[in-house]
Amino acid sequence: MKQYKGQLTGTGMVYRFTLTQFLKNKANMISLIIIILFSIASVPVTSLIGNSGSTALYSDVANVYFSDCAEPYALTGADLQNAADENEFWSKTTFHSVDGAPADSAQSAPGPNDVYASILFDAETGTYQLSVTAAENTELSDNDIASLSTFLTEQFDQMRYRTLHISEEQLAFVMASWESDTESYDSYLEDENRWSTQYIVQLIYSIVVMMVSVLSVSYIVRTVIEEKASKLIELLMVSVKPLALIVGKILAAMTYVLMTMGGMILGYLLSHAVCSRFMAVAPLSEMFAGGEFSISGGLLNFSALFIIAVVISLLLAFLTFAIIAGLSATGCSSTEDTESATMGVTLLIMAGYIISIMATSTGSETMALITSILPVISVFCAPIHFMMGNISAGILILSWILQAAVVILLAVFCAKVYTSLLMHRGNRVKLKDMLTMAKTSSAKGVQ
């Protein structure tokens with residue numbers, strides 16, 4: 001290993017030079033700015049989309065002019081106002097009692113955010129009829145009217161039950177909402193939140209691994225090919241060893257990707273903090289709560305080992321795909337080969353991402369074990385399976401050992417062929433050609 005250690009001389013210089021080039025590159029800066037702007041805009045955009053539905057904090061109805069009901073179920077505007085004072089959603093709506101809504105109430109409503117409402121008894125059918133009327137120039141949506149109708153109906157029903165002199169406990173029992181569900185006995189025995197929790201967490205983590213890997217691959221490939229095409233690589237080889245070139249670039253790409261991810265997270269947090277002062281923004285703790293897919297915090301085994309597992313797996317994923325990207329790019333001679341050099345590594349990353357999601361969807365313990373120890377796939381799956389209790393700490397450590405062995409083998413292979421690849425000019429070097437170079441280098445000894 002001493003011969004490989006000596007070839008790392010100059011890594012620091014390459015690291016500083018490459019990172020500086022990343023920061024000076026206009027395309028990189030534009031991409032970084034766009035990514036950060038997207039992260040900042042994500043908070044207000046998603047909040048506005050969410051608020052367009054039924055997630056508003058307050059009703060847009062300003063005033064409700066309610067025609068008091070007749071005996072025996074006397075519901076008044078004062079009763080509605082008392083109920084509204086105890087309900088945050090209606091806290092900005094004022095309820096007024098009126099003798100009766102005029103026939104042309106749609107024309108005489110005081111404002112575009114006001115409505116007339118009444119509950120009348122139809123003696124012929126023996127039913128009650130709720131009427132909610134808005135002005136012609138109303139600014140209220142159908143959702144606003146529907147929410148008000150539901151509120152008035154609930155309050156009227158409670159008033160009817162209260163006239164029977166039932167207790168508050170009985171009233172709560174009668175008015176409680178209910179829902180039905182049908183499932184098999186086997187499904188009943190399983191935790192209904194487990195699958196959705198694991199699926200969402202796996203999806204989030206796999207996306208992070210994919211983003212980090214794809215970003216690093218694109219930066220490394222583009223940098224290596226541009227330096228080879230401009231003959232800059234030959235000048236660098238005068239003062240540093242070939243292996244130091246690829247290691248320095250990998251470390252510089254890692255730093256730049258971490259800066260990008262950090263910028264995204266910081267932009268999101270700042271946007272969340274600012275937007276929460278001016279609009280309805282869901283708390284971070286409720287980001288994935290509710291809906292068809294939701295996270296059950298009680299199923300997540302957060303621990304120091306889990307954090308370590310995520311960091312180590314991300315590092316191994318980065319090193320694996322970065323070395324492959326470096327080899328792929330060094331086998332190219334012109335910038336026209338950038339897309340093809342990037343495509344192969346990107347497809348490998350996408351394969352790991354897709355397999356991790358598909359394996360999680362099956363819910364199989366055997367599949368969890370296989371995907372946790374299989375190199376390349378394990379960096380996507382092992383930490384999540386460990387957190388969900390699907391694998392033990394021993395299996396997690398085994399997955400690290402196997403993936404680290406792959407990284408070491410790739411590094412040794414890179415050390416044997418990198419010099420020949422740097423000097424190569426012509427058609428793109430394929431894998432079989434690299435294997436031939438490695439055999440030749442082993443026969444001669446690494447210089």
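1. In this predicted model, the buried residues of helix α6 are Asp-144, Leu-148, Ser-149, Phe-151, Leu-152, Gln-155, Phe-156, Gln-158 and Met-159. As background to such a list, an α-helix has 3.6 residues a turn, so residues three or four places apart point the same way.

2. The length of α6 can be checked. The helix covers residues 142–162, which is 21 residues. At 1.5 Å a residue these should span 30 Å, and the end C-alpha atoms are indeed 30 Å apart, so the two values agree.

3. The sheet is open and has four strands, in the order β2-β1-β3-β4, with mixed pairing. The edge positions are taken by β2 (94–98) and β4 (127–134). Each of these has a single partner strand, so one side of each lacks a neighbour in the sheet. On average, and with direction ignored, neighbouring strands are turned by 25° against each other.

4. Within the sheet, β1 (residues 63–67) runs parallel to its partner β3 (residues 114–122), and five bridges join the pair. One bridge can be located by residue: Asn-63 has Asp-114 of β3 as its partner.

5. Two helices to note pack on this sheet. Helix α4 (residues 77–85) touches β1 and β2, and its direction makes about 170° with that of β2. Helix α6 touches β1, β2, β3 and β4, and its direction makes about 145° with that of β4.

6. Further along the chain, helix α12 (residues 304–330) packs against helix α13 (residues 338–362) at an angle of about 155°, the axes being 8 Å apart. Angles over 145 degrees count as roughly antiparallel, so α12 and α13 are described that way. On the α12 side, the contact is made by Phe-321, Ile-324, Ala-325, Ser-328 and Ala-329. On the α13 side, Ala-341, Val-345, Leu-348 and Ile-349 make it. The crossing of α12 past α13 is right-handed.

7. Ser-91 lies in the loop between α4 and β2. Is this residue buried, exposed or partly exposed? Its relative accessibility is 38%, and because the partly exposed class runs between 20% and 50%, Ser-91 counts as partly exposed.

8. Which residues does Ser-91 contact, leaving aside its neighbours within four places in sequence? They are Tyr-58 and Ala-84. The C-alpha atoms of Ser-91 and Leu-57 are separated by 9.8 Å, although these two residues are 34 residues apart along the chain.

Technical notes: Residues are numbered from 1 along each chain as its sequence is written. This is a predicted model: local features need pLDDT of at least 70, side-chain atom pairs count only at pLDDT 80 or more; totals for chains, interfaces and linings use all residues. Side-chain values use heavy atoms; hydrogens and water are left out. The expected span of a helix is 1.5 Å times one less than its number of residues. Buried means under 20% relative accessible area, exposed over 50%, partly exposed in between (1.4 Å probe, protein chains only). Two strands pair if DSSP finds at least two bridges between them. Axes are lines fitted to C-alpha atoms, for helices over the stretch in contact, and angles run from 0 to 180 degrees between N-to-C directions. Contact means heavy atoms within 4.5 Å. Angles under 35 degrees count as roughly parallel, over 145 as roughly antiparallel, 65 to 115 as roughly perpendicular and the rest as oblique. A crossing is left-handed if the near helix is turned anticlockwise from the far one by less than a right angle, and right-handed if clockwise.
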